[in-house]
Amino acid sequence: MQTAPDTASATRTEHTFELILQRSQMRLPVGPGESMADVLQLAGVPLETLCEQGVCGTCVTRWLDGEPDHRDSCLSAAEQATHVAVCCCLLYTSDAADER
């Protein structure tokens, strides 16, 4: 059985970073208090979310650069090497790249 992470602390970033979407070449700032999913949706990027807690896996996408702090419970360790749940992942580098 999977349990949801503490979403109050898990879904929001702790510092500002730039999310770079490789295919579209969009560069989106993600500030303290914002999730990557929130920023993507506000920018009009199609993103399916359901639970917004990292349990269901609907917001999973491939990440290309950056050092994510995975706070989901839907991805295995092997999947976390190449994918990220954008609703609840934090990043600890200055920029992150997503395949979108």
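How many salt bridges does a search of the whole structure find? I asked this at the outset, bearing in mind that the model is predicted. The search returned two salt bridges.

**Entry 1: salt bridges**

I looked up the partners of each pair. In one salt bridge, the side chain of Arg27 meets that of Glu18, with 3.1 Å from N to O. I then checked exposure for both residues. Arg27 is partly exposed, at 48% relative accessibility, and Glu18 is also partly exposed, at 23%.

In the other pair, I found the side chains of Arg71 and Asp69 joined at 2.9 Å, N to O. Arg71 has a relative accessibility of 21% and therefore counts as partly exposed, since buried means under 20%. Asp69, with a relative accessible area of 22%, is likewise partly exposed. I note the general point that side chains of opposite charge can pair when their charged atoms come close.

**Entry 2: cysteines**

I next searched for disulfides, taking sulfur atoms within 2.5 Å as the rule. The count by this rule is zero. Cys56 takes part in no disulfide, and the nearest cysteine sulfur to its own, that of Cys51, lies 3.6 Å away. That distance is not within the 2.5 Å limit, so the pair does not count. I also recorded that Cys56 is partly exposed, with a relative accessible area of 37%. Cys74 is in no disulfide either; for this residue the nearest cysteine sulfur belongs to Cys59, at 6.5 Å.

**Entry 3: nonpolar core**

I turned to the largest nonpolar core, which has 19 residues. Leu19, Met36, Leu40 and Val86 have the most contacts inside it. I listed the elements that give two or more residues to this core: strand 1 (17-21), strand 2 (26-30), helix 2 (36-42) and strand 5 (83-85). Helix 2 gives the most, with four residues. In soluble globular proteins, nonpolar side chains tend to be buried together.

**Entry 4: confidence**

Finally, I looked up how confidence is distributed. The protein chain has a mean pLDDT of 79, and 76% of its residues reach 70 or more. Confidence is highest in helix 3 (residues 77-80), at 93, and lowest in helix 1 (residues 7-10), at a mean of 44. Over residues 1-12, pLDDT stays under 50. For that stretch the model has 29 contacts beyond four places in sequence. I add a caution for my own reading: where pLDDT is low, the predicted coordinates should not be read in detail.

Definitions and conventions. Residues are numbered from 1 along each chain as its sequence is written. This is a predicted model: local features need pLDDT of at least 70, side-chain atom pairs count only at pLDDT 80 or more; totals for chains, interfaces and linings use all residues. Side-chain values use heavy atoms; hydrogens and water are left out. Buried means under 20% relative accessible area, exposed over 50%, partly exposed in between (1.4 Å probe, protein chains only). A nonpolar core is a set of buried Ala, Val, Leu, Ile, Met, Phe, Trp, Tyr and Cys residues joined through side-chain atoms within 4.5 Å. pLDDT is the predictor's confidence in each residue, from 0 to 100. Contact means heavy atoms within 4.5 Å. A salt bridge is a side-chain nitrogen of Lys or Arg within 4 Å of a carboxyl oxygen of Asp or Glu.
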